[in-house]
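User: I'm a first-year student and I'd like a close look at one part of this model, the enclosed space inside it. Could you then walk me outward to the open pockets and the strands around them?

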Amino acid sequence: MNMPQLTPGALKGLRVVEMGQLIAGPFAAKTLGDFGADVIKIEPPGAGDPLRNWRMIQDGTSVWWQVQSRNKRSIALDLRSAEGQDIARQLIAQADVLIENFRPGTLEGWGMDYETLFKTNPGLVMLRISGYGQTGPYRDLPGFGAIGEAMGGLRHLTGEPDRIPVRCGISIGDTLAALHGTIGVLMALYHRKVNGGQGQVIDVALNEAVLNVMESLVPEYSAFGAVREPAGSALPGIAPSNAYRCADGVVLIAGNGDSIFKRLMALMGRDDLGNDPELANNAGRVTRVQELDAAIEAWTQTRSVSDVLAALGDASVPAGRVYTAKDIVEDPHYRARDMILKQQTRDGHEIEVPGIVPKLMGTPGTVRSSAPKLGDDTDAVLAELGMSADRIAQLRNNKVVA
(Lines give C-alpha, C1' and ligand atoms only; values in the text may rest on other atoms or scores of the structure.)
Protein backbone atom coordinates (compact mmCIF):
# COMPACT_ATOMS: atom_id res chain seq x y z
CA MET A 1 0.00 0.00 0.00
CA ASN A 2 1.33 3.44 -0.92
CA MET A 3 1.27 5.64 2.15
CA PRO A 4 0.36 9.33 1.71
CA GLN A 5 3.08 11.90 2.12
CA LEU A 6 3.31 12.97 5.74
CA THR A 7 1.89 16.45 6.37
CA PRO A 8 2.02 17.35 10.06
CA GLY A 9 -0.92 19.28 11.38
CA ALA A 10 -4.37 17.88 10.60
CA LEU A 11 -5.81 20.88 12.49
CA LYS A 12 -3.37 23.49 11.18
CA GLY A 13 -5.13 26.85 10.89
CA LEU A 14 -7.60 26.09 13.69
CA ARG A 15 -7.49 28.67 16.46
CA VAL A 16 -8.50 27.61 19.97
CA VAL A 17 -8.92 29.82 23.03
CA GLU A 18 -8.58 27.85 26.25
CA MET A 19 -10.08 29.39 29.39
CA GLY A 20 -10.08 26.26 31.49
CA GLN A 21 -7.73 25.16 34.21
CA LEU A 22 -6.37 21.99 35.80
CA ILE A 23 -7.39 18.91 33.81
CA ALA A 24 -10.55 18.49 31.73
CA GLY A 25 -10.61 21.61 29.57
CA PRO A 26 -6.84 21.83 29.16
CA PHE A 27 -6.60 18.13 28.21
CA ALA A 28 -9.10 18.69 25.40
CA ALA A 29 -7.10 21.71 24.21
CA LYS A 30 -3.85 19.72 24.46
CA THR A 31 -5.33 17.05 22.21
CA LEU A 32 -6.28 19.63 19.57
CA GLY A 33 -2.90 21.31 19.91
CA ASP A 34 -1.02 18.06 19.33
CA PHE A 35 -2.57 17.92 15.87
CA GLY A 36 -1.73 21.46 14.79
CA ALA A 37 -4.30 23.78 16.36
CA ASP A 38 -3.04 27.15 17.60
CA VAL A 39 -4.05 27.03 21.28
CA ILE A 40 -4.04 30.30 23.20
CA LYS A 41 -4.30 29.57 26.91
CA ILE A 42 -5.65 32.36 29.11
CA GLU A 43 -4.31 32.22 32.67
CA PRO A 44 -4.74 34.52 35.67
CA PRO A 45 -1.71 36.76 36.29
CA GLY A 46 0.40 35.80 39.27
CA ALA A 47 -0.35 32.14 39.89
CA GLY A 48 -1.53 30.92 36.49
CA ASP A 49 -3.18 27.54 36.09
CA PRO A 50 -2.98 25.65 39.43
CA LEU A 51 -1.70 22.61 37.53
CA ARG A 52 1.65 24.42 37.28
CA ASN A 53 2.12 23.55 40.97
CA TRP A 54 0.55 20.07 41.19
CA ARG A 55 2.51 16.96 42.21
CA MET A 56 6.25 16.82 41.52
CA ILE A 57 7.99 20.14 40.83
CA GLN A 58 11.14 20.84 38.81
CA ASP A 59 12.54 24.39 38.90
CA GLY A 60 9.25 25.68 40.27
CA THR A 61 7.00 24.01 37.69
CA SER A 62 5.13 20.71 37.74
CA VAL A 63 6.48 18.12 35.31
CA TRP A 64 2.82 17.27 34.62
CA TRP A 65 2.56 20.75 33.13
CA GLN A 66 5.14 19.84 30.50
CA VAL A 67 2.84 17.35 28.81
CA GLN A 68 -0.52 18.99 29.54
CA SER A 69 0.47 22.35 28.09
CA ARG A 70 2.78 21.55 25.20
CA ASN A 71 1.84 23.17 21.89
CA LYS A 72 0.10 26.04 23.70
CA ARG A 73 0.71 29.77 23.99
CA SER A 74 0.18 31.43 27.38
CA ILE A 75 -1.34 34.86 27.90
CA ALA A 76 -1.67 36.10 31.47
CA LEU A 77 -4.96 38.03 31.54
CA ASP A 78 -7.12 39.22 34.43
CA LEU A 79 -10.60 38.06 33.48
CA ARG A 80 -12.10 39.73 36.55
CA SER A 81 -11.36 43.16 35.13
CA ALA A 82 -13.48 44.87 32.49
CA GLU A 83 -10.46 45.45 30.26
CA GLY A 84 -9.41 41.82 30.60
CA GLN A 85 -12.88 40.63 29.66
CA ASP A 86 -12.85 42.91 26.61
CA ILE A 87 -9.53 41.47 25.47
CA ALA A 88 -10.86 37.94 25.94
CA ARG A 89 -13.88 38.78 23.79
CA GLN A 90 -11.54 40.09 21.08
CA LEU A 91 -9.57 36.85 21.14
CA ILE A 92 -12.74 34.74 21.04
CA ALA A 93 -14.05 36.80 18.11
CA GLN A 94 -11.12 35.50 16.05
CA ALA A 95 -11.27 31.90 17.32
CA ASP A 96 -12.80 28.76 15.90
CA VAL A 97 -13.12 27.06 19.28
CA LEU A 98 -13.52 28.27 22.86
CA ILE A 99 -12.87 25.75 25.65
CA GLU A 100 -13.89 26.49 29.24
CA ASN A 101 -14.45 24.40 32.34
CA PHE A 102 -15.54 26.94 34.92
CA ARG A 103 -18.66 26.52 37.01
CA PRO A 104 -21.81 27.21 34.98
CA GLY A 105 -22.64 30.89 35.00
CA THR A 106 -19.07 32.12 35.38
CA LEU A 107 -18.68 33.24 31.76
CA GLU A 108 -22.15 34.74 31.80
CA GLY A 109 -21.08 36.85 34.78
CA TRP A 110 -18.16 38.13 32.71
CA GLY A 111 -20.38 39.09 29.78
CA MET A 112 -19.25 36.12 27.71
CA ASP A 113 -22.43 34.12 27.36
CA TYR A 114 -22.72 32.26 24.07
CA GLU A 115 -25.42 34.53 22.69
CA THR A 116 -23.14 37.54 23.09
CA LEU A 117 -20.13 35.77 21.63
CA PHE A 118 -22.21 34.35 18.78
CA LYS A 119 -23.15 37.85 17.59
CA THR A 120 -19.55 38.68 16.74
CA ASN A 121 -18.51 35.12 15.82
CA PRO A 122 -21.41 33.01 14.50
CA GLY A 123 -19.05 30.15 13.64
CA LEU A 124 -17.77 29.77 17.20
CA VAL A 125 -17.72 26.24 18.63
CA MET A 126 -17.85 26.49 22.42
CA LEU A 127 -16.91 23.50 24.55
CA ARG A 128 -18.19 23.75 28.11
CA ILE A 129 -17.08 21.07 30.58
CA SER A 130 -18.53 21.13 34.07
CA GLY A 131 -19.39 18.82 36.93
CA TYR A 132 -23.05 18.26 36.06
CA GLY A 133 -23.68 20.18 32.83
CA GLN A 134 -25.14 23.57 32.02
CA THR A 135 -28.72 22.57 32.91
CA GLY A 136 -30.51 20.46 35.52
CA PRO A 137 -30.93 20.71 39.29
CA TYR A 138 -27.22 20.06 40.02
CA ARG A 139 -25.76 22.55 37.53
CA ASP A 140 -24.58 25.00 40.19
CA LEU A 141 -22.88 22.41 42.39
CA PRO A 142 -19.08 22.22 42.27
CA GLY A 143 -17.85 19.08 40.58
CA PHE A 144 -14.44 17.45 40.24
CA GLY A 145 -13.44 14.33 38.33
CA ALA A 146 -13.54 12.13 41.42
CA ILE A 147 -17.16 13.13 42.08
CA GLY A 148 -18.07 12.48 38.45
CA GLU A 149 -16.49 9.03 38.69
CA ALA A 150 -18.56 8.27 41.79
CA MET A 151 -21.84 9.62 40.43
CA GLY A 152 -21.26 8.02 37.02
CA GLY A 153 -21.08 4.56 38.58
CA LEU A 154 -17.37 3.87 38.13
CA ARG A 155 -16.21 4.26 41.72
CA HIS A 156 -18.74 1.71 43.00
CA LEU A 157 -17.16 -0.97 40.83
CA THR A 158 -13.51 -0.31 41.67
CA GLY A 159 -12.16 -2.37 44.52
CA GLU A 160 -12.90 -5.58 46.37
CA PRO A 161 -16.38 -6.70 47.48
CA ASP A 162 -17.43 -5.35 50.89
CA ARG A 163 -14.54 -2.88 50.96
CA ILE A 164 -14.55 0.90 50.59
CA PRO A 165 -14.40 1.72 46.84
CA VAL A 166 -11.03 2.92 45.61
CA ARG A 167 -10.13 5.34 42.86
CA CYS A 168 -8.17 4.17 39.85
CA GLY A 169 -5.22 6.41 40.71
CA ILE A 170 -5.63 9.09 38.05
CA SER A 171 -8.28 11.71 37.26
CA ILE A 172 -10.01 9.46 34.76
CA GLY A 173 -13.33 11.34 35.05
CA ASP A 174 -11.69 14.55 33.84
CA THR A 175 -9.92 12.81 31.00
CA LEU A 176 -13.07 11.02 29.83
CA ALA A 177 -14.90 14.35 29.82
CA ALA A 178 -12.05 15.93 27.86
CA LEU A 179 -12.09 13.19 25.23
CA HIS A 180 -15.87 13.41 24.85
CA GLY A 181 -15.46 17.17 24.52
CA THR A 182 -12.80 16.78 21.84
CA ILE A 183 -15.08 14.47 19.87
CA GLY A 184 -17.86 17.04 20.19
CA VAL A 185 -15.61 19.83 18.94
CA LEU A 186 -14.58 17.84 15.88
CA MET A 187 -18.21 16.93 15.10
CA ALA A 188 -19.29 20.57 15.42
CA LEU A 189 -16.46 21.72 13.17
CA TYR A 190 -17.39 19.09 10.59
CA HIS A 191 -21.00 20.25 10.67
CA ARG A 192 -19.91 23.87 10.27
CA LYS A 193 -17.62 23.11 7.34
CA VAL A 194 -19.41 20.36 5.44
CA ASN A 195 -23.07 21.02 6.19
CA GLY A 196 -22.90 24.79 6.17
CA GLY A 197 -23.90 24.97 9.80
CA GLN A 198 -23.07 27.64 12.32
CA GLY A 199 -21.20 27.30 15.57
CA GLN A 200 -22.76 25.70 18.60
CA VAL A 201 -22.30 24.88 22.28
CA ILE A 202 -21.03 21.47 23.38
CA ASP A 203 -22.17 20.70 26.92
CA VAL A 204 -20.13 17.95 28.61
CA ALA A 205 -20.76 16.87 32.20
CA LEU A 206 -18.12 14.89 34.08
CA ASN A 207 -20.61 12.36 35.47
CA GLU A 208 -22.23 11.83 32.06
CA ALA A 209 -18.87 11.20 30.38
CA VAL A 210 -18.20 8.48 32.96
CA LEU A 211 -21.68 6.99 32.63
CA ASN A 212 -21.23 6.78 28.86
CA VAL A 213 -18.46 4.18 29.26
CA MET A 214 -20.20 2.06 31.88
CA GLU A 215 -21.16 -0.60 29.36
CA SER A 216 -24.11 -2.74 30.53
CA LEU A 217 -24.54 -1.15 33.95
CA VAL A 218 -27.88 0.60 33.32
CA PRO A 219 -29.60 -1.86 30.96
CA GLU A 220 -28.87 -4.74 33.33
CA TYR A 221 -30.61 -2.85 36.11
CA SER A 222 -33.47 -1.89 33.81
CA ALA A 223 -34.07 -5.39 32.51
CA PHE A 224 -33.30 -7.48 35.57
CA GLY A 225 -33.09 -5.14 38.56
CA ALA A 226 -29.45 -6.21 38.84
CA VAL A 227 -27.06 -3.83 40.57
CA ARG A 228 -23.54 -4.61 39.40
CA GLU A 229 -21.13 -4.91 42.32
CA PRO A 230 -17.34 -4.64 42.63
CA ALA A 231 -15.43 -7.77 41.74
CA GLY A 232 -11.79 -6.95 42.39
CA SER A 233 -9.56 -7.91 39.48
CA ALA A 234 -12.18 -10.05 37.71
CA LEU A 235 -14.51 -8.96 34.93
CA PRO A 236 -17.99 -10.12 36.03
CA GLY A 237 -19.96 -12.02 33.42
CA ILE A 238 -16.88 -12.69 31.29
CA ALA A 239 -14.83 -15.82 31.96
CA PRO A 240 -12.07 -16.51 32.41
CA SER A 241 -10.59 -13.02 32.71
CA ASN A 242 -8.69 -12.14 35.86
CA ALA A 243 -5.36 -11.49 37.52
CA TYR A 244 -3.51 -14.59 38.62
CA ARG A 245 -0.61 -15.08 41.06
CA CYS A 246 2.69 -16.32 39.70
CA ALA A 247 5.79 -17.38 41.60
CA ASP A 248 7.21 -13.86 41.39
CA GLY A 249 4.30 -11.55 40.65
CA VAL A 250 0.95 -11.28 38.94
CA VAL A 251 -0.18 -11.87 35.38
CA LEU A 252 -3.42 -10.82 33.70
CA ILE A 253 -5.01 -13.39 31.41
CA ALA A 254 -8.01 -12.84 29.15
CA GLY A 255 -9.01 -16.33 28.09
CA ASN A 256 -12.66 -15.51 27.52
CA GLY A 257 -12.91 -16.09 23.75
CA ASP A 258 -14.20 -19.58 22.93
CA SER A 259 -11.20 -20.65 20.84
CA ILE A 260 -8.79 -18.78 23.13
CA PHE A 261 -10.16 -20.70 26.10
CA LYS A 262 -9.50 -24.02 24.40
CA ARG A 263 -5.91 -22.99 23.61
CA LEU A 264 -5.37 -21.86 27.19
CA MET A 265 -6.65 -25.12 28.61
CA ALA A 266 -4.52 -27.16 26.17
CA LEU A 267 -1.44 -25.19 27.21
CA MET A 268 -2.21 -25.91 30.86
CA GLY A 269 -2.73 -29.61 30.19
CA ARG A 270 -6.41 -29.29 31.09
CA ASP A 271 -8.11 -30.63 27.97
CA ASP A 272 -10.75 -32.02 30.31
CA LEU A 273 -11.91 -28.43 30.78
CA GLY A 274 -11.13 -27.27 27.27
CA ASN A 275 -13.25 -30.03 25.73
CA ASP A 276 -16.07 -29.85 28.27
CA PRO A 277 -19.25 -28.96 26.31
CA GLU A 278 -20.56 -26.99 29.27
CA LEU A 279 -17.57 -24.65 28.94
CA ALA A 280 -17.74 -24.21 25.19
CA ASN A 281 -19.21 -20.72 25.47
CA ASN A 282 -19.02 -17.78 27.85
CA ALA A 283 -22.40 -18.40 29.47
CA GLY A 284 -21.33 -21.85 30.64
CA ARG A 285 -17.90 -20.66 31.77
CA VAL A 286 -19.41 -17.90 33.87
CA THR A 287 -21.34 -20.44 35.94
CA ARG A 288 -18.05 -22.21 36.75
CA VAL A 289 -15.76 -19.21 36.91
CA GLN A 290 -14.39 -20.02 40.37
CA GLU A 291 -13.38 -23.48 39.22
CA LEU A 292 -11.66 -22.05 36.14
CA ASP A 293 -9.85 -19.31 38.05
CA ALA A 294 -8.57 -21.87 40.55
CA ALA A 295 -7.32 -24.12 37.75
CA ILE A 296 -5.54 -21.28 35.98
CA GLU A 297 -3.87 -20.06 39.16
CA ALA A 298 -2.75 -23.56 40.03
CA TRP A 299 -0.85 -23.47 36.75
CA THR A 300 0.51 -19.90 36.98
CA GLN A 301 1.65 -19.91 40.60
CA THR A 302 4.33 -22.52 39.96
CA ARG A 303 5.87 -20.43 37.17
CA SER A 304 7.48 -17.03 36.84
CA VAL A 305 5.68 -14.12 35.18
CA SER A 306 8.11 -14.17 32.25
CA ASP A 307 7.66 -17.91 31.70
CA VAL A 308 3.88 -17.62 31.84
CA LEU A 309 3.83 -14.72 29.40
CA ALA A 310 6.17 -16.47 26.98
CA ALA A 311 4.01 -19.61 26.98
CA LEU A 312 0.77 -17.65 26.58
CA GLY A 313 2.28 -15.61 23.76
CA ASP A 314 3.24 -18.77 21.89
CA ALA A 315 -0.32 -20.05 22.37
CA SER A 316 -1.88 -16.75 21.21
CA VAL A 317 -3.64 -16.18 24.52
CA PRO A 318 -3.96 -12.47 25.43
CA ALA A 319 -2.00 -11.77 28.61
CA GLY A 320 0.16 -9.15 30.23
CA ARG A 321 1.86 -8.10 33.40
CA VAL A 322 1.17 -5.02 35.49
CA TYR A 323 3.41 -2.19 34.32
CA THR A 324 4.93 0.50 36.50
CA ALA A 325 6.19 3.81 35.12
CA LYS A 326 9.66 2.25 34.92
CA ASP A 327 8.32 -0.66 32.88
CA ILE A 328 6.54 1.67 30.46
CA VAL A 329 9.55 3.90 29.88
CA GLU A 330 11.87 0.92 29.32
CA ASP A 331 9.51 -1.07 27.10
CA PRO A 332 10.81 -1.39 23.51
CA HIS A 333 7.32 -1.48 22.00
CA TYR A 334 6.42 1.92 23.46
CA ARG A 335 9.73 3.23 22.13
CA ALA A 336 9.18 1.77 18.68
CA ARG A 337 5.82 3.51 18.40
CA ASP A 338 7.09 6.91 19.59
CA MET A 339 5.01 6.72 22.74
CA ILE A 340 7.86 7.96 24.91
CA LEU A 341 8.96 11.36 23.61
CA LYS A 342 11.81 13.55 24.74
CA GLN A 343 10.85 17.18 25.31
CA GLN A 344 12.97 20.16 26.26
CA THR A 345 11.45 22.33 28.95
CA ARG A 346 11.85 26.10 28.80
CA ASP A 347 14.21 25.83 31.75
CA GLY A 348 16.51 23.64 29.67
CA HIS A 349 15.70 20.23 31.13
CA GLU A 350 15.16 17.17 28.97
CA ILE A 351 12.11 15.25 30.09
CA GLU A 352 10.30 12.21 28.73
CA VAL A 353 6.54 12.41 28.28
CA PRO A 354 3.81 10.25 26.72
CA GLY A 355 3.62 10.41 22.95
CA ILE A 356 0.67 11.43 20.80
CA VAL A 357 -2.52 9.40 20.41
CA PRO A 358 -4.10 8.57 18.00
CA LYS A 359 -1.56 7.81 15.28
CA LEU A 360 -2.60 9.52 12.04
CA MET A 361 -0.62 8.06 9.18
CA GLY A 362 -0.96 11.03 6.83
CA THR A 363 -1.11 13.98 9.22
CA PRO A 364 0.57 12.83 12.43
CA GLY A 365 0.55 14.89 15.57
CA THR A 366 3.74 16.68 16.59
CA VAL A 367 5.22 18.52 19.55
CA ARG A 368 5.95 21.93 18.05
CA SER A 369 6.64 23.82 21.26
CA SER A 370 7.30 23.06 24.89
CA ALA A 371 4.93 24.08 27.66
CA PRO A 372 5.04 27.86 28.17
CA LYS A 373 5.95 29.81 31.23
CA LEU A 374 3.17 32.03 32.53
CA GLY A 375 2.59 34.92 30.12
CA ASP A 376 5.32 33.86 27.69
CA ASP A 377 3.13 34.86 24.75
CA THR A 378 1.17 37.78 26.16
CA ASP A 379 2.89 40.40 24.02
CA ALA A 380 2.74 38.34 20.82
CA VAL A 381 -0.95 37.48 21.22
CA LEU A 382 -1.93 41.08 22.00
CA ALA A 383 0.12 42.33 19.05
CA GLU A 384 -1.87 39.96 16.82
CA LEU A 385 -4.97 41.84 18.01
CA GLY A 386 -3.39 45.03 16.68
CA MET A 387 -2.26 46.49 20.00
CA SER A 388 0.79 48.71 20.08
CA ALA A 389 3.73 48.19 22.41
CA ASP A 390 2.66 51.29 24.36
CA ARG A 391 -0.86 49.94 24.83
CA ILE A 392 0.48 46.57 25.99
CA ALA A 393 2.81 48.32 28.43
CA GLN A 394 -0.14 50.31 29.79
CA LEU A 395 -2.18 47.14 30.28
CA ARG A 396 0.72 45.52 32.07
CA ASN A 397 1.17 48.57 34.30
CA ASN A 398 -2.53 48.40 35.17
CA LYS A 399 -2.09 44.69 36.02
CA VAL A 400 -4.62 43.65 33.39
CA VAL A 401 -2.00 41.46 31.72
CA ALA A 402 1.34 40.02 32.76
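Analyst: The largest cavity has a volume of about 30 Å³. This is a predicted model, so please read everything here as computed from a prediction. How many cavities of 30 Å³ or more does the structure hold? The count is 1.

Let's see what surrounds that space. The residues lining the largest cavity are Gln58, Thr61, Ser62, Val63, Gln66, Thr345, Asp347 and His349. Two elements, strand 4 (61-62) and helix 2, each supply at least two residues of this lining. Sorted by class, the lining has 6 polar residues, 1 nonpolar and 1 charged.

Now for the open spaces. The largest pocket holds about 1,400 Å³ of space. Its lining is made of 32 residues, and the closest to the centre are Phe27, Trp64, Val67, Ile170 and Pro354. Helix 2 (63-68) turns up again here, as one of the elements that give two or more residues to the lining of the largest pocket. The others are helix 1 (24-34), helix 8 (172-194), helix 16 (325-330) and strand 13 (350-354). By class, the lining of this pocket has 19 nonpolar, 7 polar and 6 charged residues.

The second largest pocket has about 440 Å³ of space. Of its 22 lining residues, Leu22, Asn101, Gly143, Phe144 and Asp174 are the closest to the centre. Strand 7 and helix 6 (145-151) are the elements that give two or more residues to this lining. The classes here are 12 nonpolar, 7 polar and 3 charged residues.

Strand 7 deserves a closer look of its own. Is strand 7 (residues 125-130) mostly covered or mostly open? Mostly covered: 6 of its 6 residues are buried. As a rule, side chains in a regular strand alternate between the two faces of the sheet. In strand 7, both faces are covered, with Val125, Leu127 and Ile129 buried on one side, and Met126, Arg128 and Ser130 buried on the other.

Strand 7 also has partners. Strand 6 (residues 97-100) runs parallel to strand 7 and is joined to it by 4 bridges. Within that pairing, leucine 98 has methionine 126 of strand 7 as its bridge partner. Strand 8 (residues 200-205) pairs with strand 7 too, again in the parallel sense, over 6 bridges. There, arginine 128 has aspartate 203 in strand 8 as its bridge partner.

For a contrasting arrangement, turn to another sheet. It is an open sheet of 3 strands in the order 9-10-11, and the pairing is antiparallel. Why does one side of strand 9 (241-245) and of strand 11 (319-321) lack a neighbour in the sheet? Both stand at the edges with a single partner strand each, so one side of each is left without a neighbour there. From one strand to the next, the twist averages 25°. Strand 10 (residues 250-254) pairs with strand 11 in the antiparallel sense over 3 bridges. One residue pair to find is leucine 252 with its bridge partner in strand 11, glycine 320. Finally, helix 15 (residues 305-314) packs on this sheet, where it touches strand 10 and strand 11. The direction of helix 15 makes about 160° with that of strand 11.

Notes
Residues are numbered from 1 along each chain as its sequence is written. This is a predicted model: local features need pLDDT of at least 70, side-chain atom pairs count only at pLDDT 80 or more; totals for chains, interfaces and linings use all residues. Side-chain values use heavy atoms; hydrogens and water are left out. Two strands pair if DSSP finds at least two bridges between them. Axes are lines fitted to C-alpha atoms, for helices over the stretch in contact, and angles run from 0 to 180 degrees between N-to-C directions. Contact means heavy atoms within 4.5 Å. Buried means under 20% relative accessible area, exposed over 50%, partly exposed in between (1.4 Å probe, protein chains only). On a 1 Å grid over the protein atoms alone, a cavity is a set of points where a 1.4 Å probe fits but cannot get out, and a pocket is an open set with protein on both sides within 12 Å along at least five of seven lines; lining residues have an atom within 4 Å of a point. Grid points are joined across faces, edges and corners, and a volume is the space filled by probe spheres set on the points. Ala, Val, Leu, Ile, Met, Phe, Trp, Tyr, Cys and Pro count as nonpolar, Asp, Glu, Lys and Arg as charged, and the others, Gly among them, as polar.
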